[in-house]
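Welcome! Take a moment to turn the model around on your screen before reading on. We will go through it piece by piece.

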Amino acid sequence: MSNMFKMPGMQKYPVVGLILVAVTLAALPFLVAMTGGQAWVRILNFAILYIFLALGLNIVVGMAGLLDLGYIAFYAVGAYVWALLASPHFGLHLPFWVILPIGAALACCFGVLLGSPTLKLRGDYLAIVTLGFGEIIRIFLNNLNAPFNLTNGAQGITRIDPLTIGDFSFSAQSSLFGIDFSGPMKYYYVLLLLAIFVIIVNVRLHDSRIGRAWQAIREDEVAAKAAGINTRNVKLLAFAMGASFGGIAGGMFSAMQGFVSPESFSLLESIMVLAMVVLGGMGHIPGVILGAVLLTALPEALRYGVEPLQHMAFGRQLIDPEALRMLVFGLALVLVMRFRPAGLWPSPERRRELAEKEA
Amino acid sequence: MDIFLQQLINGLTLGAVYALVALGYTMVYGIIGLINFAHGEVVMIGTMVAFTIITALASAGGVPTPIIFGAGLLAAVMCCMGLGWGLERVAYRPLRHAPRLAPLITAIGMSILLQNLAMIVWGRNYINFPQMIDKVSYEVGGAIFTNVQVAIVLTAGVTMIGLLYLIFKTKLGAAMRATSQNPHVAALMGVNINRVISLAFIIGSALGAIAGLMVGSYYEIAHYQMGFMLGLKAFTAAVLGGIGNMAGAMVGGLLLGVIEALGAGYIGDLTGGFLGSHYQDIFAFMVLIIVLMFRPSGLFGERTGERA
């Protein structure tokens, strides 16, 4: 079992702890909607999407130690698969249980496609190739409106179908048991279920035979090979697994937004997801989740917090709030890494290693 | 044939700029083994500072053009040197013994910080380069090139020769090479490691400032986001040549510029009109992936084992 379930309170009263967590998570969108309105429920949903992405990237970077700077490409593949198979663009409206597996599978194929030529590369060489791969995908998405219109170019694809199960649509307002559920709230519960599934898969993977093989490769590839690990297949598997998580997240992104364009899949997004993994605590699942939530919430909180502060300090808007908020964000990244180089919540083993190194 | 020559000339011009920026990446990487992700932003700041000084002096009137340019260049170089030094002190030195990815994140943080700082200072819009050089065009074999292009290539050449002299003929250069081979042994031999690392950042940033003024006067435009793609291309060039290798960065930069220009010129013909010149950016990355498949450490990189 992972350390996640070994927190002090939880060991003594596991059932009580779990119920408390479940109730909090179930009530969260209502609490958020009451204090911050529907916009914050949407942000909450994005935080969960980023948890998917960060956990997927954590498999590649955190567990297997392969620095991937083009991870957002797989998210883009998933998003465009949903957009093409469920929108008026091609007149296709397939149900989610067909699209999501296709999206995950195609992203997985792209993962192997990226992984196979880069098996020999190490460290920073791998980083730049993955970065280039991400850019290539984005450029193709941006330009594949001619000679045949596949992606509709920079305008992107609009009017994408929301997630529907049978006749139940997740986009519209509806009431159940006398409680009103808005669209974003309903998505929250779907995403939450998916997130729990993804987290369980990740925790189980971490301590599985494959997970240990990944960590062995991260620590020392030559030794791992000598110990009988088929490094080629295991590395490819890391790329494929990470990519398919990205594909699923992409599909959900499409359904939630109803609109995709290449702009959403820039290098900066890849870098953001990487920052979540590293800032949270690489290779440590609770840390990665924390990183994803913090880095989604922080820019948004700054968006709402920066402007009133400026009015208070100067009496008027002195500096472009958008620039100021990113300024603070950049500064926060620097400061966190400066004072907690192993991340905010590193795994205990990692912390021990660092302490030994310093001593 | 005239397209070939034309694109070759354009590619060499662009390649000279890439090479100068790539040298900044490769010097830092060669010595402390990390990617200075904020280097593109340093180049951007250099361009902006040069533009500001040149515009101010040009509108004042009465100052001869070479002095204006010299002042702009000097201001940009000084400013970037300070920035490079500060960057190392704030974002890299405290993390020298931290896990490998930590300095990458601080670099990204600094990059976001500098970009937005530039946006606050210089605004969101494109800034036009003051029209002050008389562009003269020459024609050779059906291809046209301007005096600006000649100046860019010549300046880049002189700068690189100066750098090579510094690295291979001076005491400081010897200290730098020693540090890049083994910092601990270099320190035992009396090399002040911290000083060498600071200088690598300072020199790299100065080269970036020169490249910034070049790219600005070539395209006659500057923008607070310009450093990103330029940095990315230059980094690609450095990796193509074998990161950490000086000659590799120069060759890689020129090669990347030429490949990109030729690719953009011929892609339409090669694919029967299926892909247009807006796929220009793909070439850089395609070539990189193909080269690294066959030479996993770049064209001139030494085969190194896994770093611990």
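## Chain B as a whole

In chain B, 54% of the 308 residues count as buried. Please keep in mind that this is a predicted model, so every value in this report is computed from it.

Chain B holds 11 helices and 4 strands. Its radius of gyration is 20 Å, close to the 19 Å that the globule rule gives for 308 residues, so chain B is as compact as a globular protein of that length. Along its principal axes, the C-alpha trace of chain B spans about 60 × 50 × 35 Å.

## Contacts, surface and charges in chain B

How do the contacts of chain B spread along the sequence? Take those between residues at least 6 apart in sequence: 76% of them join residues at least 24 apart.

The accessible surface of chain B is about 13,100 Å², and 66% of this belongs to carbon and sulfur atoms. Chain B also has 14 positive and 11 negative charges, and the mean positions of these two groups are 19 Å apart.

## A hairpin in chain B

Now look for strand E2 (residues 137-140) and strand E3 (residues 143-146) of chain B, which pair in the antiparallel sense over 4 bridges. Which residue of E3(B) stands opposite B:Ser137? The partner is B:Thr146.

Together, E2(B) and E3(B) form a hairpin with 2 residues between them. In the turn you will find B:Gly141, with a positive phi of about 55°. As you trace the strands, here is a handy general idea: in a regular strand the side chains alternate between the two faces of the sheet.

## Two more places to visit in chain B

B:Thr52 sits in helix H2 (residues 39-60) of chain B. Is B:Thr52 buried or partly exposed? Its relative accessible area is 39%, so B:Thr52 is partly exposed; to count as buried, a residue must be under 20%. You can also compare its place with that of B:Asn147: the two are 95 residues apart in sequence and 23 Å apart in space, C-alpha to C-alpha.

The other stop is B:Glu220, in the loop between helix H8 (193-219) and strand E4 (221-222) of chain B. B:Glu220 has a phi near 60°, a positive value in a residue other than glycine. Why point this out? Most residues other than glycine have a negative phi. With a relative accessibility of 25%, B:Glu220 counts as partly exposed.

## Chain A as a whole

Chain A has 14 helices and 6 strands. A compact globule of 359 residues would have a radius of gyration near 21 Å, and chain A agrees with its 21 Å. The C-alpha trace of chain A spans about 60 × 55 × 50 Å along its principal axes, and 52% of the 359 residues are buried.

Among the contacts in chain A with a separation of 6 or more, residues 24 or more positions apart account for 71%. The surface that chain A exposes is about 16,100 Å², with carbon and sulfur atoms supplying 67% of it. As for charges, chain A has 24 positive and 20 negative ones, and their mean positions are 6 Å apart.

## A loop residue in chain A

Finally, find A:Arg159 in the loop between helix H6 (123-143) and strand E3 (164-165) of chain A. What is the phi of A:Arg159 near? The value is near 50°, which is positive in a residue other than glycine. A:Arg159 is exposed, with a relative accessible area of 63%, and the cut-off for exposed is over 50%.

Technical notes
Residues numbered from 1 in each chain as written. Chains lettered and ligands numbered in written order. Predicted model: local features only at pLDDT ≥ 70, side-chain atom pairs only at ≥ 80, totals over all residues. Heavy atoms only, no water. Pairing = 2+ DSSP bridges. Rg over C-alpha atoms; globule rule 2.2 N^0.38 Å. Buried < 20%, exposed > 50% of the residue type's maximum accessible area, 1.4 Å probe, protein only. Contact = heavy atoms within 4.5 Å. Areas by Shrake-Rupley, 256 points an atom, 1.4 Å probe, with all protein chains shown as cover. Lys, Arg positive; Asp, Glu negative; His and termini not counted. Charge placed at Lys NZ, Arg CZ, Asp CG, Glu CD.
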